[in-house]
Amino acid sequence: MNRSTLLLTFVTGSLVASLVLAAPNSPSSPGPAAAGDARFAPEWAEVRRVLEASCLPCHGGNERESGLSFATARTFGAGGDRGPVVDAAAPASSRMLAAIGYENPELAMPPTGQLPAAELALLRAWIEAGASWPEGIDGRLADPEAFAHEPAAAPDDGADWWAYQGLEPPKVPTATAPAWNVHPIDAFIASKLETAGLEPAPRARAGVLLRRATYDLTGLPPTPDEFEAFLATTERAGFEAAWKEAIERLLASPRYGEHQARHWLDLVRYAETNGYERDGTKTNIWRYRDWVIRSLNDDKPYDRFLLEQLAGDELVAESLTGDEIDARTAEALLATGYYRLGVWDDEPADPLQARADELADIVDTTAQVFLGTTFGCARCHDHKADPITQRDYFALTAYFNNVKGYGGDAFGQHLGGGMTRELLDAPGPGVLDANEHRAVVDDLEARLAAAARRFGVATPGDLGQARTLVSDARGPAASPKGTRWRWTTSPAPDDWMRPAFDDSGWDEGQGGFGTDGTPGARVGTVWDEPEIRLRTRFALTEIPDTLVLSVHHDEDVAVFLNGVAIFERQGYRTDYTEIQLGDEERAQLVVGKNLLAVACRQTGGGQFIDVGLRTGLARTNSGDWLSELHRALAQDPDEESAAEVRALLAEHARSRNLPRTSPYPALLVSERGGEPPEQFVHLRGSAHAPGESVAPGVPEIFRKAAGRGARGPLVRPLDPTAPTTGRRLAFARWLVGEGSFLTARVMANRLWQSHFGRGLCRSPGDFGKLGLLPTHPELLDHLAIELILRKWSVKDMHRYIMTSRSYVMDSVGTEAGLARDPRNDLFWRFDPRRLTAEEYRDAVLATSGALVETRFGPSVYPEMDPAVLATASRPDQAWGHSSAADQNRRSIYVFVKRSLRLPLFEALDQPDPDISCPERFPTNVPTQALMTMNGSFVDAAAERLAERVRLEVEGGLASRVKRAIELVLSRRPTKAEITRGVTFIETLHDDYWLDEDEAVVVFCLGLYNRNEFLWVD
C-alpha cells in the first residue's frame, strides 16, 4: 500500500468512525454498525446534498448515463445497464463503492475528479449501511420521467431496414422503350427515369467508350494502336461486337489485376510500414499485394477471395502437416497477411490497451470491408443508430481474439518484422529452382554486358571480379558461418578500434552476434547485453577499386577501418543492407593487414549485429548499369543495332519474375492454439475494465435477416491440441453463406461504384442508418443475387455491367436533367470522373513511353525531392533507392510508407492508409496544379514525350503535334487543334526565344494539364 492510499484509508476510517460515534447512543447501538444496518446510516439530508451535487447531473438530472438514474429511490434501486449499483446482500462489495473509491480509473466516478475525503466517507458509510433512501417527496431528487432511459437500439429496431433484409429476387420492371428491356440493368434504370420524366443520354462516341473502359478495367489509357483497332472493328463488325471484344481483351490483360487491386488495397488500409515515429517496415508485406493482383487476374471467386484472407490458414490446415506446400496452400497463407496491414506501436505506453486497439482495428476493418457496417461505434457503447450493441461488438471480437498480435503479443523495435513464417513457392511445371533461375539471369546479364560495352556503358564485370574480404554470416560457401571476431561487452579504452590495440584478452566468436528470433538474424554467437565491440583482420596484396560494406544492425552502429570511422547509423534493420563505399573510405586500406572494427548498442530486447566487406558493386546499385544502357539506347541513331539489345533488356526484366522456388519470410496470421482467451465486454472500450463474458456471435438482426433456421457461424468444438480455434473460418463461411445477403450487397455496390464513380448506395462503407439510402435498392439486390448466381465471379460482373446501355451513356448533361436531378441520382447520364493519383502517374508514364511493365516483386522507390525527405526524422534513411527503370514501374508497386508518401499522390487525394477507405473524394485545390505543371515528375515526362514524338514521326511540326495529341488524349486530333498547337509552339519560339524542341516540351506539358487528360468521360 502506498503512502497516499494509506493516508486516505486512515482519514476515511477516522471519518466513518466519527460519524458512527455521532449516532444516537442507546443499548441497541453500542458499537460500530453492522453491514446493511440502516440504524447507523448518515443523515439523509447530508447524503442527498452530495448525490445532488456530484451524481445527479449525469444520472437523472441533465441526462441519464448508462441508464442509471438518481431521481428517486425506485430508479436508483433499479440500477443501470449493468444492473444494481448497490449489492443488498453485501453492501461493502457494491459497484458504487468501487466507482467512487477510484479502484479502477476507467470506472472512476465522478469523472471530473475524486470526491473530497469527507464526502467519500459519507457515501461509503451510507452504502455500507444499506443505502437507505426515503420514498416520496423527501427522496425525490428529480423528475424520473424527464430524462427517461432509452436503450440505444434493440435488435428489433432495424428489422425493416433495407440492408438487414434477406435477398429476394426483385421483379425486373418493364420500360416503355423496348431497347431498354433487353438488359435487366437498363430496365431498372429506365423505369426510374420514366417515373421522373427524364430521358437517358444517348450512347457516347466509340473512342470515348474505349477510353472509359480501358481506364475502368486497367487504370491506363488506350494506345493509339488500340484506338485505331477498335474503330476498325466497329466499322467492320459493328459496335456491339467490337465492344464485347474490347471488354474481353481488357479483362484478360495483366494490367487488370494491377488496377483492380488498388481499389481493394484502399479498403484494407494497405501499407508497408507500421506507422508512428519509427515507422518500421513490414517484412515482405508486398507479397500480400502481389497475392491480391494475382487473385484478381485469375478471377478468383469473391467468396474464396474472402475466405483466404480471413482464414486461409484454417482453410488449408489439412495441408500443413508436412514440409511441402503446394501452390494453392501457399496462396491461401499469403492472403492472411490481411491481419498484418494495420498500424502497430512498437513501444506503447499501455501494452494491454494497445493490444486491444490492434484487435479492434481488425474487427472494425473487417466489418466495414465485408459487411459495410461501422461496428466501431459500438466499441464503447451501444450503437446510437444501428441495432448493434456493445455486447455484439465484443461477440464479433471473440472470433479474432486468439490471433497473435503483430509482434507476437509483445512489443519492441526488434519485433518489427512481425509474425513471419518461411514459405516456398511451390515447384511444378515451368517453376525454376534457385540455381536454374540464377543461370537464366546470369546468361542474360552476360549477353547484356557484352552489348553494354559496345554502347560505352560500364558493367560490374568491368570493375573487377567481386572478392570477399570479410565474410558476413550469410556466406560465402568457403566460410558459410561468417568470420571469426574478437569481441567484448565490457567497457574498452578510447583506442580500441585502432590496429595497434591488443585484443588478445577478448573473447572469440563466429560472426552474427545476437539473439535467436531477431528478424533476419543468422546468429553465430549469442550476444544479449546492451553493448558490444568487435574486431577482425584481413589481408590485402593490392588496393581494390571498389568496396562494399554489408551490415545488419540494431539501434546504433559504428564501423571503423584501420581506426577511422567509415560508417555510422542509428535505427534498426530487419535484414542486410549494402553500402557502396567511396574513395575516402577506400583510402583507409593498406597493403598487408587491415583491421575492421564494429561497435553496436541495443537496449530494447532482441538484437543482432553482423558486418561484411567485399569488392564490387552494392546489390542496391547493381541495376544502375542497365539503366545507363537504356539511356544509351535512346540516344543511338542506329535503330537496327539497338533493337536486339532492347529485346534482351525486355527478356531480362521478365526473367526477374520467372516462377521459381525461393524461400522467403512471409507475414502470416497465427493463433495461440486451440483454446482462446475469454472475451469480455470492455466497459467504455477500456481493456482495463472487463465487463460480462461473451461468446463469439453476430448481431441478432443479422441472424434474423439470414432467414428462418439460420444458426449463425458454426464454430467447431475447441480442441486444445489444435493450432487454431477454427472461429475465423466459421465466421468467414457465414459471411458467404447465411450472411451473404449483406456481403453480396456490399460487393455488388463496390463493383457498380468502380464503373460509375459512386455506388447505388452512396455510402459504400456504411449500409446502416447513418449511411445513405440506395437510389436503386431493387437493382442493388438484383446485382447481389447475380454475383452469387455467377459463382462470385467478379470479371463476369464487369461484363454484365459494362454490356448495359446504362454504362455506355454519354456524359453530356441536358438542361432538363440538370434541373431535375443535378446530382444524377437516377443515372440519366454518365458521371465524368477525375483520374486517381495512381492513374494520373501511370498514364503520364505510359504516354511518355517510360512505363516499365515489370510485375510483382519488392516495392520501388521513385525519386523523392530532398526538401520532402528533410521533413523525416532521419532523412538519410527515410526513403529507399531504386534503379531508373524500377522507378518507372506502375504506381501499385510504389512503396507505401505511412509517414512519407509521394507529394503527387497526396496532392491528388490518395487516401491515408491508416484506416479503411471505401470511397475516395476528389478535391480541387491549387497545389494539384503546382504538381502537374511545375512538379519535376511531370516536367521530365513532358521532355520524354517530346523526344518520343520526335523519334516516332516523320515530317514537320504538325506531325509531332498530331502524334502528341494521339498519345496523350487517346483520340484523333482535329485539323484546327493541330493548327492551334503549331501556332502555340511557333509563338513560344518567336516571342519567348525557345528553340523548337523546347517549345514542343512546353506544349506536351500543357497536354498533361488538360482537363481532357485528367478526366474520364
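**Group meeting: a strand pair, a helix and a cavity**

Let me begin with one residue pair: Val 557 stands opposite Arg 569 in strand S10. This is a predicted model, in which local features need pLDDT of at least 70 and side-chain atom pairs count only at pLDDT 80 or more, while totals for chains, interfaces and linings use all residues. Residues are numbered from 1 along each chain as its sequence is written, and side-chain values use heavy atoms, with hydrogens and water left out.

Strand S9 (residues 556-561) pairs with S10 in the antiparallel sense over six bridges, where pairing requires at least two DSSP bridges between two strands, and strands are DSSP runs of E with at least two residues, helices runs of H or I with at least four, numbered from the N terminus. Both strands belong to an open sheet of six, in the order S4-S3-S7-S12-S9-S10, with antiparallel pairing. Strand S4 (507-510) and strand S10 (564-570) stand at the edges, each with a single partner strand, so one side of each has no neighbour in the sheet.

Turning to helix H2 (residues 44-54), its buried residues, meaning those under 20% relative accessible area with a 1.4 Å probe and protein chains only, are Trp 44, Val 47, Val 50 and Leu 51. They lie on the same side of H2 because they cover an arc of only 130° around the axis, taken from the directions from the helix axis to the C-beta atoms. On the other side of H2, Ala 45 and Ala 53 are exposed, that is, over 50%, with partly exposed in between. The buried residues pack against helix H4 (95-100) and helix H5 (117-128), contact meaning heavy atoms within 4.5 Å.
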